[in-house]
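Me: I'm new to this one, so could you take a close look at a single part for me? I'd like to hear about one helix and what it packs against.

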Amino acid sequence: MFEQYLVRYGAPTLAGLKTASLFRYPAENREELTSSLEQYNALLIEKGVRIQCICTCPGKVLIYVYRPVRLAADLSHPVARQHLERIGYPCDDPANAVEALSERVRRSADFPHEVGFFLGYPAEDVVGFIRYGGGRSKCSGCWQVYHDVESAQRQFERIHKCIRVYCRCYDSGSTVSRLTVAS
């Protein structure tokens with residue numbers, strides 16, 4: 001079952017279209033989840049993909065699938081870096097930044113909106129979302145858009161097509177390893 005979730009919700013990251021994906025996974029069996037995470041990390045690390053649990057709640061976990069090299073580039077964007085460092089994130093090391101995000105998710109009553117920086121959303125859109133509390137966007141799709149609508153809509157289309165193609169390929173027998181593009 002983990003593999004199905006990984007393909008469905010992680011396809012844009014596996015394909016290299018996005019820096020990262022985040023999804024909720026119904027995990028009653030923690031040992032099975034730990035085993036799945038170890039198995040897929042061992043399989044995908046050579047392709048530049050990492051998977052980790054960033055939050056555990058009763059009956060479910062939050063899974064973060066990401067490309068560390070791309071995340072490092074995203075975190076070094078001047079707008080993202082300025083915002084994240086101001087609130088205490090270590091932007092020089094993606095693994096430490098993900099741990100800090102995980103800690104903020106676990107401690108915060110509200111979901112930390114800066115997560116958009118960790119998902120590869122345009123920095124201007126993440127800042128707009130934070131500034132306006134999710135309101136006043138120009139359009140929405142995979143994220144709320146505050147800056148370049150045309151570019152975002154093209155990316156939304158690519159992401160939706162990727163998910164459809166990956167799910168179809170997976171249902172036809174393709175493996176996660178085969179579906180994952182090496183970076």
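Reply: Here is a walk around helix H1, its two helix neighbours and the pocket it helps to line. Keep in mind that this is a predicted model.

Let's start with H1 itself, which covers residues 2-14. A quick word on the vocabulary: a pair of packed helices is described by the angle between their axes and the distance between those axes.

Take H2 as the first partner, residues 30-44. The axes of H1 and H2 come within 12 Å and cross at roughly 40°. An angle between 35 and 65 degrees is neither roughly parallel nor roughly perpendicular, so H1 counts as oblique to H2. As for handedness, the two cross in a right-handed way. On the H1 side, the contact is made by Phe2, Glu3, Leu6 and Leu14, while H2 brings Leu33, Ser36, Leu37, Tyr40 and Leu44. Sorted by class, that contact has seven nonpolar residues, one polar and one charged.

Now turn to the other partner, H8, which spans 149-171. H1 packs with H8 at an angle of about 140°, and their axes are 8 Å apart. That pair is therefore oblique too, and here again H1 makes a right-handed crossing. The H1 residues in this contact are Glu3, Gln4, Val7, Arg8, Ala11, Pro12 and Leu14. They meet Ile159, Cys162, Ile163, Tyr166, Cys167 and Tyr170 of H8. By class, you get 10 nonpolar residues, one polar and two charged. If you're clicking through the residues, try Glu3 and Leu14: both are in the H1 contact with H2, and both turn up in the contact with H8 as well.

So where does the pocket come in? H1 and H8 are among the elements that each give at least two residues to the lining of the largest pocket. Strand S1 (20-25), helix H6 (115-118) and helix H7 (123-132) do that as well. The volume of this pocket is about 550 Å³. Its lining has 21 residues, and those nearest the centre are Lys18, Leu119, Tyr121, Cys142 and Trp143. The lining as a whole splits into 14 nonpolar, four polar and three charged residues.

To put it together, H1 is oblique to H2 and oblique to H8, and H1 also supplies part of the lining of the largest pocket.

Technical notes. Residues numbered from 1 in each chain as written. Predicted model: local features only at pLDDT ≥ 70, side-chain atom pairs only at ≥ 80, totals over all residues. Heavy atoms only, no water. 1 Å grid on protein atoms, 1.4 Å probe; cavity = no way out; pocket = protein on both sides within 12 Å on 5 of 7 lines; lining within 4 Å. Points joined across faces, edges and corners; volume = space filled by probe spheres on them. Helix = DSSP H or I, 4+ residues; strand = E, 2+ residues; numbered from the N terminus. Nonpolar A, V, L, I, M, F, W, Y, C, P; charged D, E, K, R; others polar. Axes fitted to C-alpha atoms, helices over the stretch in contact; angles between N-to-C directions. Parallel < 35°, antiparallel > 145°, perpendicular 65-115°, else oblique. Left-handed = near helix turned anticlockwise from the far one by under 90°. Contact = heavy atoms within 4.5 Å.
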